[in-house]
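This briefing introduces a protein model to a reader who is new to structural description. Please keep the sequence and the structure in view while reading.

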Amino acid sequence: MSTTGQIIRCKAAVAWEAGKPLVMEEVEVAPPQNHEVRIKILFTSLCHTDVYFWEAKGQTPLFPRIFGHEAGGIVESVGEGVTDLQPGDHVLPIFTGECGDCRHCHSEESNMCDLLRINTERGGMIHDGESRFSINGKPIHHFLGTSTFSEYTVVHSGQVAKINPDAPLDKVCIVSCGLSTGLGATLNVAKPKKGQSVAIFGLGAVGLAAAEGARIAGAGRIIGVDLNPKRFEEAKKFGVTEFVNPKEHDKPVQQVIAEMTDGGVDRSVECTGSIQAMIQAFECVHDGWGVAVLVGVPSKDDAFKTHPMNLLNERTLKGTFFGNYKPKTDIPGVVEKYMNKELELEKFITHTVPFSEINKAFDYMLKGESIRCIITMGA
């Protein structure tokens, strides 16, 4: 392309301060360096992780910053050493990566790459620690190595999944974070058998994706657990068959679920980050074969407490990161599930806004009105 090797000037939504509306700015995006690619972002969506770090609650603030990590786009140019991607490829940038060389990448059991594992505090690129974004010579920090709230971004090639060019980017962009996290937690980790019962704790986007995984697996009962009764009707679209609101019971939720299911569910997936919900999710699975999977991220001082007999009675507790998907190897296959009509994505997308109105996406999420809001970059 004519822009190869050149600085590109484009629009980006910059967060200058914690919790303040993003400001549309003209930024300069430097060419990709060693093992990097520059991507033209066509569609991006808002994930709660963006909101959490934008609010800067409970972590070190890093501003000014370009957020965004769920997106789809087209490779504009590639840096030195990139052999598996080329200009014109349709891609999803991913917040975690796959270097292909470390022990985790060589392991069939792990997707936690040593080099490219999620790092929320890094504001530059791995190659040199520098930012590829600037305004009038002032560096703008990256976010999760993706920074998709910009018409062009630079990403390490190990964090880029090449996908089917026929896949609609305005739909499959949501595969690059929350959807895969929940879906994989069920399909890759909990692994319910056809006809089994599954409890999903938390019916936000990740929890609904976990329910979608249970539906795809052929679960017989999918029990949704959430404190917000407004989520129950929506969750039926994702295969949820029964609902439990902990506030409506005067006994522990795990006991309620055990009574509903003759001793406990076969599988549970926790998607809230609440330590209480994590304990409930573990203690509500059936002894002998029950498997509980933790997805939500707890507060740093939380401690998981349960009686050891819950483990000795052959309940299994597992954790997962990004649904145990390897970004480059596995995410193209998730896109193919959608292309083959095995996976429904449209029902996750509740709102669409033009890039110029990106702050509306934050409003929708903060009010609890959206599952996923697609931001159209060219509008």
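The points below cover an open sheet, the helices beside it, the nonpolar cores, one threonine and one annotated region. The model is predicted. It contains an open sheet of six strands, and its largest nonpolar core has 97 residues.

**The six-stranded sheet**

- The strands of this open sheet follow the order β12-β11-β10-β13-β14-β15, and their pairing is parallel.
- Strands β12 (242-244) and β15 (316-319) form the edges, each pairing on one side only.
- From one strand to the next, the twist averages 20 degrees.
- Four bridges join strand β13 (residues 267-270) to strand β14 (residues 291-294) in the parallel sense.
- Serine 268 has alanine 292, in β14, as its bridge partner.

**Helices packed on the sheet**

- Helix α5 packs on the sheet, where it touches β10 (197-201), β11 (221-225) and β13.
- The direction of α5 makes about 170 degrees with that of β10.
- Helix α8 (residues 275-283) also packs on the sheet, in touch with β10, β13, β14 and β15.
- Between the direction of α8 and that of β13 the angle is about 170 degrees.

**Nonpolar cores**

- In soluble globular proteins, nonpolar side chains tend to be buried together.
- Within the largest nonpolar core, of 97 residues, the residues with the most contacts are Leu92, Phe149, Val172, Val175, Leu179 and Ile331.
- Helix α5 (residues 205-217) supplies the largest share of this core, namely six residues.
- Another core, of 15 residues, lies apart from the largest one and includes Phe201, Val244, Ala277 and Ala281.
- With neighbours within four places in sequence left aside, leucine 179 is in contact with Ile174, Ala209, Val334, Leu343, Leu345 and Phe348.

**Threonine 153**

- Threonine 153 is located in strand β8 (residues 152-156).
- This residue counts as buried because its relative accessibility is 0%, and the limit for buried is under 20%.
- A polar atom of the threonine 153 side chain lies 3.2 Å from the backbone oxygen of serine 147.
- Beyond residues up to four places away in sequence, threonine 153 touches Val37, Arg38, Ile39, Ile41, Phe133, Thr146 and Ser147.

**The annotated region**

- An unreviewed UniProt entry gives residues 205-336 the annotation "domain: Alcohol dehydrogenase-like C-terminal".
- In the model, this span is 37% helix and 15% strand.
- The end C-alpha atoms of residues 205-336 lie 20 Å apart.

Methods:
Residues numbered from 1 in each chain as written. Predicted model: local features only at pLDDT ≥ 70, side-chain atom pairs only at ≥ 80, totals over all residues. Heavy atoms only, no water. Helix = DSSP H or I, 4+ residues; strand = E, 2+ residues; numbered from the N terminus. Buried < 20%, exposed > 50% of the residue type's maximum accessible area, 1.4 Å probe, protein only. Polar contact = N/O pair within 3.5 Å; in protein donor to acceptor, adjacent residues only side chain to side chain. Contact = heavy atoms within 4.5 Å. UniProt positions renumbered as here; feature names shortened; annotations may be inferred. Core = buried A, V, L, I, M, F, W, Y, C linked by side-chain atoms within 4.5 Å. Pairing = 2+ DSSP bridges. Axes fitted to C-alpha atoms, helices over the stretch in contact; angles between N-to-C directions.
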